[in-house]
Structure formats: C-alpha cells, structure tokens
Amino acid sequence: MTALPVIDLSRFRVPGDREAFLADLRRAAREVGFFYVVGHGVPPELSEGIFSVARHFFALPEADKLAIENVESPQFRGYTRTGNEYTGGSRDWREQIDVGPERESAEPAPGDPAWARLIGPNQWPEAVPELREVTLAWQAEALRVSREVLRALAASLGQDEGYFDAWFDDEAATHLKIVHYPPRPAADEQQGVGSHKDYGYLALLQQDEIGGLQVQGDDGDWIDAVPVPGSFVVNIGEMLEIATQGYLRATRHRVLSPPAGVDRYSVPFFLAPRLDAVVEPLELPAELAAAARGISQDADNPLLASYGENALIGWLRSHPKVAKRWYPSL
C-alpha cells in the first residue's frame with residue numbers, strides 16, 4: 001500500500017449506494033485503520049479560519065502565549081511550549097493549545113476517581129479574542145463529522161447506527177489540539193510527534209499543505225499521509241479496537257518535523273466518550289467475529305477498559321510539568 005484510502009461520507013445517506021459505501025468504509029477501517037474523509041460538509045471558510053487564528057496565536061510574543069500556559073490547568077488545557085509534550089518518553093517538537101468541552105470545574109469529592117478532575121474550563125488568549133469563537137465552531141463541526149463516521153462504522157459492523165451514541169452525549173470528553181510544528185532544530189532531529197496509537201474511539205485531523213504525518217504499514221514501512229485538499233484524515237483509536245475485539249485496529253503513526261525554513265499547522269480532534277465510559281465488546285455478526293484478530297498488546301501503553309483511566313494516564317505521561325503540579329501523588 002502506498003496511499004491511504006479515500007472515503008466519501010456523503011455516500012452514507014445516498015439510497016442505493018449505502019451497502020457499497022459501508023463495505024468500503026469497513027475495509028479501510030479494518031485493513032489500514034486510517035483514511036481520508038471527503039464529502040463531510042464542513043464549510044471551507046471555517047477550515048481556513050481555524051488555521052488563520054492558529055497562525056495569529058503562534059506568532060504572538062511568548063509572554064502572550066504563556067498567559068494561558070497549561071501548567072495553570074488541572075484539565076491540561078491551554079498552551080504548551082515547544083518540547084514540553086512527550087510521546088514515548090521523548091520530546092515532541094511542537095507547540096500547541098489544548099481545548100476541551102466548555103464546562104465548570106469541580107473539585108472531586110472523596111472517593112471520586114482521579115480522572116474526575118479532568119472536567120473543567122478552557123483557557124483563551126486575550127491577545128486573540130476571535131480564537132475562542134472560531135475554535136468552538138470548528139470543534140462543533142469536527143464532532144458532527146466524527147459522530148457521523150462512528151455511526152457509519154457501527155452500521156458497517158452490523159449494529160444499529162446509534163449503537164455508540166450513549167457514550168457521546170453532552171458529557172463526552174472530546175478534545176482538540178491546535179498545533180504548530182516549527183522547523184526541526186537539527187537535520188537529524190525529526191520527531192514532531194513520536195510513534196504512537198490514539199487511545200480514544202476516533203481521531204479526525206485537519207492538516208495543512210506541508211505534510212509530515214506518516215502511518216505504519218503491516219510491513220513496518222511508513223506511508224506518507226499526503227495532504228488532500230478539503231479532506232480530513234480519520235483514524236481508529238484503541239478503544240474502538242477493544243470494542244470490536246480487534247476486528248478494527250488502531251494503527252501506529254507519527255509526525256516528522258518540517259525542514260529548515262518551513263512551518264506546519266494542524267488541528268487534530270479526538271472523539272472520546274464520557275469519562276465514566278467502560279468499553280464493552282459489541283456482538284459482531286458471525287462472519288466478522290470469525291475475522292477478529294484480538295486486541296493488540298502494547299507494553300508501552302497498557303489498555304484499560306475505563307476511558308477515564310486511559311485518558312488520565314495519557315495526559316500524565318505527555319505533560320509531566322502539569323502532572324507534577326496537579327497530580328503529585330499519581
């Protein structure tokens with residue numbers, strides 16, 4: 001395989017084409033775990049707008065960006081300086097803003113799980129007031145598209161379209177990152193984001209024209225996710241792999257830093273359920289169940305059935321400064 005498959009989401013609601021579409025989607029999600037999505041209906045002006053506010057923010061003086069530094073947020077929201085997020089124990093060469101659902105924060109009561117503290121507000125920069133409105137509008141569209149993909153996946157697996165809906169209500173723990181990849185610091189330092197799998201259900205990525213995302217194939221080689229104008233890149237997360245007993249798979253991927261003189265921008269959105277969600281295997285049709293491969297075992301990233309536990313572990317590993325300040329006992 002040299003390229004990722006392309007899925008036209010508009011076919012999902014076209015009479016007469018639905019079954020062929022579901023077969024194409026099932027094949028892409030099972031065999032690759034990554035695919036482009038077109039026909040999604042997101043307005044081009046919104047896709048352009050999120051990159052516009054991103055460039056504006058990351059061009060600010062450092063003091064303005066640090067006014068919303070994520071070390072001030074027990075929810076891991078806000079700005080992270082270049083080199084202050086880790087994947088696989090190594091520094092990622094990117095700066096970013098983390099954004100989640102806008103909610104009131106509440107101190108966990110005695111006996112509450114540690115992940116309950118992840119519920120809370122975002123931080124927004126005063127220097128770029130328009131960032132809040134554009135980001136929340138983009139987040140709403142990303143949620144709509146991701147849920148449509150998930151509903152289509154449910155149908156492709158012989159389930160009711162709404163099978164997963166209960167976990168993706170108003171309490172869903174979705175989040176996005178607005179990311180700037182500066183040029184690599186040295187020719188041999190290529191890690192924009194280290195090799196990893198995503199632990200939620202789905203991830204949806206809007207990338208610019210620069211490229212750098214790579215997906216690992218079955219043979220271990222890396223496939224370039226070449227930017228396709230007007231598309232999103234969607235990939236399967238580990239919790240969906242658990243739910244399907246390995247029929248669908250989460251695929252390892254990474255991002256290479258751009259070369260000297262080049263900047264890259266991207267906005268990944270992670271479709272994650274309520275923090276109290278517990279993954280239960282769905283009952284696949286017999287012919288699909290027979291083809292399930294079982295759940296991958298990753299010694300560096302042990303999977304738990306509870307989404308909240310997975311989420312907190314992921315944040316603690318990625319952001320040690322925030323972890324030290326707000327979660328010193330973990």
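Lys65 is buried, with a relative accessible area of 8%. The cut-off for that label is under 20% relative accessible area. This is a predicted model, and the values here are computed from it. Lys65 sits in helix 3, which spans residues 62-66.

What does Lys65 touch, leaving aside residues up to four places away in sequence? The list is Phe57, Phe58, Leu60, Tyr79 and Glu95. Two of these names lead on to strands. Tyr79 has a bridge partner in strand 6, namely Ile97. Glu95 belongs to one side of strand 6, together with Ile97 and Val99.

**Strand 6 and its neighbours**

Strand 6 covers residues 95-99. How many of its residues are buried? The count is 5 of 5, so the strand is mostly covered under the cut-off of 20% relative accessible area. In a regular strand, side chains alternate between the two faces of the sheet. Here both faces of strand 6 are covered. Glu95, Ile97 and Val99 are buried on one side. Gln96 and Asp98 are buried on the other.

Strand 6 has a pairing with strand 3 and a pairing with strand 7, set out below.

| Strand paired with strand 6 | Bridges | Direction | A bridge pair |
|---|---|---|---|
| Strand 3 (residues 78-80) | 3 bridges | antiparallel | Tyr79 with Ile97 |
| Strand 7 (residues 175-181) | 5 bridges | antiparallel | Val99 with Leu176 |

Tyr79 thus appears twice: it is a contact of Lys65, and it is the bridge partner of Ile97. Val99, from the side of strand 6 that also holds Glu95, pairs with Leu176 of strand 7.

**The whole chain**

The secondary structure comes to 8 helices and 14 strands. The radius of gyration is 19 Å, close to the 20 Å that the globule rule gives for 330 residues, so the chain is as compact as a globular protein of that length. Its C-alpha atoms fill a box of roughly 55 × 50 × 35 Å along the principal axes.

Of the 330 residues, 54% count as buried; Lys65 is one of the buried residues. Contacts reach across the sequence. Among those between residues at least 6 apart, 79% join residues at least 24 apart.

The accessible surface comes to about 14,400 Å². Carbon and sulfur atoms account for 52% of that surface.

How many charged side chains of each sign does the chain have? There are 31 positive and 49 negative side chains. The centres of the two sets lie 3 Å apart.

Methods. Residues are numbered from 1 along each chain as its sequence is written. This is a predicted model: local features need pLDDT of at least 70, side-chain atom pairs count only at pLDDT 80 or more; totals for chains, interfaces and linings use all residues. Side-chain values use heavy atoms; hydrogens and water are left out. Helices (H or I, at least four residues) and strands (E, at least two) are DSSP runs, numbered from the N terminus. The radius of gyration is taken over C-alpha atoms; the globule rule is 2.2 Å times the number of residues to the power 0.38. Buried means under 20% relative accessible area, exposed over 50%, partly exposed in between (1.4 Å probe, protein chains only). Contact means heavy atoms within 4.5 Å. Accessible areas come from the Shrake-Rupley method with a 1.4 Å probe; for residues, only the protein chains shown count as cover. Lys and Arg count as positive and Asp and Glu as negative; His and the chain ends are not counted. The place of a charge is taken as NZ of Lys, CZ of Arg, CG of Asp or CD of Glu. Two strands pair if DSSP finds at least two bridges between them.
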